[in-house]
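Here are my notes for someone opening this one for the first time. Have a look at the chains before reading on.

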Amino acid sequence: MSEGRSETEVQHRRKPRLRDERITLVHGAGGKATRNLVEALFLEQLGNPLLEPLGDSALLEVGSTRLAFTTDAHVVQPLFFPGGDIGSLAVNGTVNDIAVSGARPLVLSAAFVLEEGLEVADLRRVVASMAEAARAAGVVVAAGDTKVVERGRGDGLTVTTAAIGLVDERVSLGPEKVRPGDKVIVSGTLGDHGMAVMIARGNLELEVEIESDSASIYPLAESLFALGEDLRWLRDPTRGGLATTLNELTEESGLCVVLDEKALPVREQVAAACEILGIDPLYVANEGKLIAVVAAGRADEALASLRAHPLGAGACIVGEVEPEPEGLVLLQTAFGGSRVVDMLVGDPLPRIC
Amino acid sequence: MRYIDEFRSGELASALQSELEQAMPSGRELALMEVCGGHTHAIYKHGIDELLPQGLELVHGPGCPVCVIPVGRVDDAVALALEPNVIFTTFGDMMRVPGSKGSLLDARSRGADVRMVYSPLDALELARANPEREVIFFAIGFETTAPSTAVTLLQARAQGIANFSVFCNHVTIGPPLKAIIDAPELRLDGLIAPGHVSAVTGSRVYDFIAAEYGRPVVVAGFEPLDILQSMLMLVRQLAAGRAEVENQYTRVVREQGNPRALEAIEQTMELRDSFEWRGLGSIPDSGLRLREELADWDAERRYEVPGVSVPDHKACQCGQVLRGIVKPWECKVFGKACTPESPIGTCMVSSEGACAAYYHYGRSRPKRGTVAT
Amino acid sequence: MCLGIPAQLVEIVDRKAKVAKAEIGGVRRTVSCALLEGEAQVGEWVLVHVGFALDRIDEEQAAETLQLLSDMGEAYERELAKIRESAEGAA
């Protein structure tokens, strides 16, 4: 344990309290406010050993079989964007949660809340997209439900998916498995999805070809299962981006991650769009990427496995685990200094200053 | 990206760092103020503060147009946003700034139609596309941004777009700088001047600082190499006992500034007698308002705004931080009652505020292998 | 106030209304050239702030600044080399 932790850090570890009277958009951004809401409200009432780890999936044992179980609600505006739509997002997002828990996705359920007035053609497009994504991911939708709400109350369409997966016997993942010296690997470019959606909303009037990377990352995850114990931890960096996900790791493991800014893979157009809007790609959502923490000695092997797959062609090492300072994510800047990469407060907002 | 990547090259960082060390006058401690919030942000984002020589200290200035907007004006903005039939447009920067009854984001959760725009021209376009709605644009910024609001107003008038108005909170750079340098408690040896404000005003606007107060000023660009080179130029002046206004950002800034931009401001706006600055009190001739001829496009004249001056939270020390007297971590509520999730003052909520930069980029935390400062 | 991005003008959309398209890193955005002196030309580099081309970027000055910095870098490298040589010589 390191000494002399500042007041700021102690703040992060205090018992969560929810002071807000109303829900605002900040609660849904995936950062500190979301976490606070989950810990102070949901866990308080619903807490149990399966839920408390707050992993991407719950792991349960049925006889001698280990299963992973997860759910995700999908709300996105606009419904359709370059590279995907709410349908592909719903399938891939949930499949990916199963994959990073070290499991093979088996079945999905899908519950639809449709707003009165939604065009049937749009719904058909969304469902076709889901079917396509399910086929590509090797899963079936085994259960479903549909409800319709009055005009003005539904945001067009929301989809909630849940999935069950079979945990692979070879792996044993968790923040407690991570060791100093381990390497942090990402499977490809950062920020594609979040920027694609932000730009598709249209109010920023930017013209650029950025596509969401929405995809099932199960094949990427599976290619790493052979590493056995040397594969320590897997995550998909969705809301809140790489920064938020790694902060969750350092907080849960009590270790430190140091990132190399020069190694972070970002597409030119994504970097340029972020530059214009004053947004940091580290905080932008990804929907088809994998973060893997791997024992140093097997990092090259892991890279080779990932790169063998088209989705992992851009895989690279972006950082390393260190013993301290505890609980922090640091960045070695390309310029030669360093800074802390904090957890996101709310959605990254464009700024002019 | 051209004109960005070359000026971020880490290869030259060590060379500049070495030059800076060698240029430091021996035995002296120097305090340099980076006036602009954008500079504060860039310094901590790239970790430039770690590359500074011993004895060189940075003092953060008031050049954050978001940070200096007083609580009362935010309340006015929220009141405007809650007016019926209004589409209230704003830059992203202002969305989370708390007023005494919540922020614009909170107003949205109460039903206000608050929309983020990248440009005032986009707000004007919204007015054109929605003739049955009233569009208000929340104008903030120093002289960098005022010309854009000005041109937008001229276009609104020329095109007869009546359902558009501006809530003007533009401020000027000269008066607050003078107010700060006049403060007796402040030890300041030189100033790093804001490059983009200067692109509009020209570098002459800082002449009084060198001439009357004997402090050197360097107009700086925003990339890491620009910032380090500017510090080098300042330190060299100080070592040689000079006090001049120099321009590091020569690729953008000229001595006379941008005449067309200044003219646009002149045509549409005039100085208020005084304007209240968060933490700095009322400063004469520091705020801009729309001219009488543009009254039809002035949100303050078209709507009733509360116009109440709301004192800052008792515990808030933003004023002292903005004047460079107190460092963010020296503020009693920094990181405790005042955090980015629950900000008390704008220095914490604005992405370029000194407190937000410190908190976010972790200057208050122990560095690897060192003791917490 | 500070976010000004260097971009290149790639298209004149409306000469009379002074509207052009600027591009950076593959991203394009309509910008107003009302604040620029004279006529905007395709190929010029400008500083873009809130949808306006605030000023032209003086390419010569940019090159001069970089040259100055690069000269500093070279001088530094030479110093380092000298130090290394003398250290090896003494060893």
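The points below cover the model itself, then the contact between two chains, then the two domains of chain A.

1. Bear in mind that this is a predicted model, where local features need pLDDT of at least 70, side-chain atom pairs count only at pLDDT 80 or more, and totals for chains, interfaces and linings use all residues. Residues are numbered from 1 along each chain as its sequence is written, and chains are lettered from A, with ligands numbered from 1, in the order in which they are written.

2. Chain C touches chain A through 12 of its residues, which meet 15 residues of chain A (contact: C-beta atoms, placed from the backbone, within 7 Å). The top contributor on the chain C side is strand β3 (residues 27–32), with four residues (strands are DSSP runs of E, at least two residues, and helices are runs of H or I, at least four, numbered from the N terminus).

3. That β3(C) also pairs with strand β9 (residues 206–207) of chain A, antiparallel and over two bridges (pairing needs at least two DSSP bridges). Here Leu206(A) sits opposite Arg29(C).

4. Chain A splits into domain 1 (56–169) and domain 2 (175–340), with bounds from an automatic or database domain assignment. Their centres, taken over C-alpha atoms, are 23 Å apart. The contact takes 23 residues from domain 1 and 21 from domain 2.

5. Which element gives the most to the domain 1 side that touches domain 2 of chain A? That is α3(A), with seven residues; α3 (86–99), β5 (103–115) and α4 (120–137) each supply at least two.

Notes
Contact = placed C-beta atoms within 7 Å.
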